[in-house]
Amino acid sequence: MDKIVSLCRRRGFVFPSSEIYGGLGSSYDYGHYGVLLKENVKARWLEAMVRERDDIVALDSSIILHPQVWEASGHVGGFTDPLVDCRHCKRRYRADQLDASQCGQRPSKKPGETSDCDLTEPRQFNLMFETRVGPVEETGTKVFLRPETAQGIFINFKNVAQLARRKPPFGIAQIGKSFRNEITPGNFIFRTLEFEQMEMEFFVPPASASEWYRTWIDERLAWHTRYGLRESHVRVRAHESDELSHYSSETSDIEYLFPIGWSELEGIANRGAFDLTAHTAASGTKLEWVDSASGERYTPHVIEPALGVNRSMLAFICDAYHEEVVGDRERTVLRLHPRLSPVSAAVLPLVPRDATMSEKARALYEELRQVASVEYDDSGQIGRRYRRQDEIGTPFAYTIDEQTLVDETVTVRDRDTLAQERLPIGGVRSHLLEALARPWQRVP
Ligand code: GAP
């Protein structure tokens, strides 16, 4: 993980938030390449959910919802972690993770192990952030920053089902920020106070819920491997009955072999009729499906695949991270799927001070940037420029050299195989577009 954190910082993907004030635990800011990579992860998810299917529509609901939403959903009462405080060192720990925690004293031991440790009994601590709506704090209405995007989907079920003219089975997909007052130390961007979620609620006839649950586990597993995670690094783990959330009758995690060990990447839950029933009871609005032709009515059951954007990005980076020795030099390369890479291609004039070379390279760059994320780089030796692109995962580099001035061809360098071939400069655009459209094969 240290190497991943260092690369992310060095290349400006991710850095600690509020750093000039000493940082804020479990909060990170995303730099240029981090933003581009994160946007690509979201685009591939939305593509798979909405563009490639006829049965899922998109939604963007508010972060701050009516406070009753969180009463009805069970979050006010039950979205809690058991915590203990140490009266001596003033630290706070998850009661169920004391074995994995470190005491504030030196030499560090587990909480409770030193004679000075003075732990309280576990208390339930709600993970939702509170704030107030209204100009006067004392009289304002207490509201919550959403801890999941899902509830915004459930409360819009009636609107969307009518407007989208869909009948079960159909889904509503949403990407947006969620907030949790997490106490456990974060392990970089694995667990943070604010994060983006990509959640899809799939509404189905009750009798087919278990079948759709299994279908969505397979679909989601295929998405992760389609975009580059090694099959040997992902697995499905069904929750034991005592692990299930209050709304779920069956849940499986897709786990990834992070540097911290096998951990949850995405959760797929069979939420049954819990949410629609709860919001019907609390709001008085019937959230059910009525077939206008037959008059049949029922409360659909819900299958939910829920994935964190940031956690997904971390998994893709971990899987892509590779160090090797080429000739007598070490190189670090991010073998990201080309459709996830922040930059799809680099255009490099071999001798930047050669005006004709630079002019041709600029023209190629202007042409390619119309269709893809492309970077022009003319600073430093060519080897250094290649290595910079390798570290941010750019799959193709097109180099304009002396030969280009003679026969209008360029060199294309493949990030993974390091193979170089010559192409007519007029064919570069289609070379790039075809390469991005092809299914990607990881170099063994
Ligand atoms: N609506 C269901 C739900 O929110 P969850 O398992 O709590 O389920 C879904 O969250 C996904 O969101 C997780 O699998 C993880 O990828 C991501 N996630 C949850 N909490 C997170 C946090 N504090 N930081 C980063 N990602 C988080």
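**Ligand site and internal spaces**

Strand S13 contributes eight residues to the lining of the largest pocket, the largest share of that lining. In this predicted model, S13 spans residues 261-272. The pocket has a volume of about 1300 Å³, and of the 44 residues that line this space, Phe79, Arg180, His239, Ser245 and Glu264 are the closest to its centre. Besides S13, at least two lining residues each are supplied by helix H4 (75-78), strand S4 (80-85), strand S10, strand S12 (250-258), strand S16 and helix H9 (309-320). Sorted by class, the lining of the largest pocket comprises 17 charged, 14 polar and 13 nonpolar residues.

The largest pocket is the space taken by the ligand. A shell of 21 residues surrounds the ligand, and Glu148, Arg180, Glu199, Glu264 and Leu265 come nearest. Arg180 and Glu264 thus appear both among the residues nearest the ligand and among those closest to the centre of the largest pocket. Strand S13 again stands out, giving the most to the shell around the ligand, with five residues. Strands S10 (194-204) and S16 (301-308), like S13, each provide at least two residues of this shell. In terms of class, the shell contains 10 charged, seven nonpolar and four polar residues.

Polar contacts to oxygen atoms of the ligand involve both side-chain and backbone atoms of the protein. For Arg180, an N or O atom of the side chain lies 2.8 Å from a ligand oxygen. At Leu265, the partner is a polar backbone atom, with a distance of 2.8 Å to an oxygen atom of the ligand. Gly308 likewise contributes through the backbone, where an N or O atom is 2.9 Å from a ligand oxygen. The ligand taken alone exposes 550 Å², of which the protein buries 91%.

Apart from the pocket, the analysis turned to enclosed space. The count comes to one cavity of 30 Å³ or more. The largest cavity holds about 40 Å³ of space. Its lining is formed by Tyr227, Gly228 and Leu229, by Phe316, Asp319 and Ala320, by Arg335, Leu336 and His337, and by Trp440 and Arg442. Of these lining residues, six are nonpolar, three are charged and two are polar. Helix H9, which covers residues 309-320 and supplies at least two residues of the lining of the largest pocket, spans the positions of Phe316, Asp319 and Ala320, which line the largest cavity.

Terms used:
Residues numbered from 1 in each chain as written. Predicted model: local features only at pLDDT ≥ 70, side-chain atom pairs only at ≥ 80, totals over all residues. Heavy atoms only, no water. Near = heavy atom within 4 Å. Polar contact = N/O pair within 3.5 Å; in protein donor to acceptor, adjacent residues only side chain to side chain. Areas by Shrake-Rupley, 256 points an atom, 1.4 Å probe, with all protein chains shown as cover. 1 Å grid on protein atoms, 1.4 Å probe; cavity = no way out; pocket = protein on both sides within 12 Å on 5 of 7 lines; lining within 4 Å. Sits in = over half its atoms within 2 Å of the grid points. Helix = DSSP H or I, 4+ residues; strand = E, 2+ residues; numbered from the N terminus. Nonpolar A, V, L, I, M, F, W, Y, C, P; charged D, E, K, R; others polar. Points joined across faces, edges and corners; volume = space filled by probe spheres on them.
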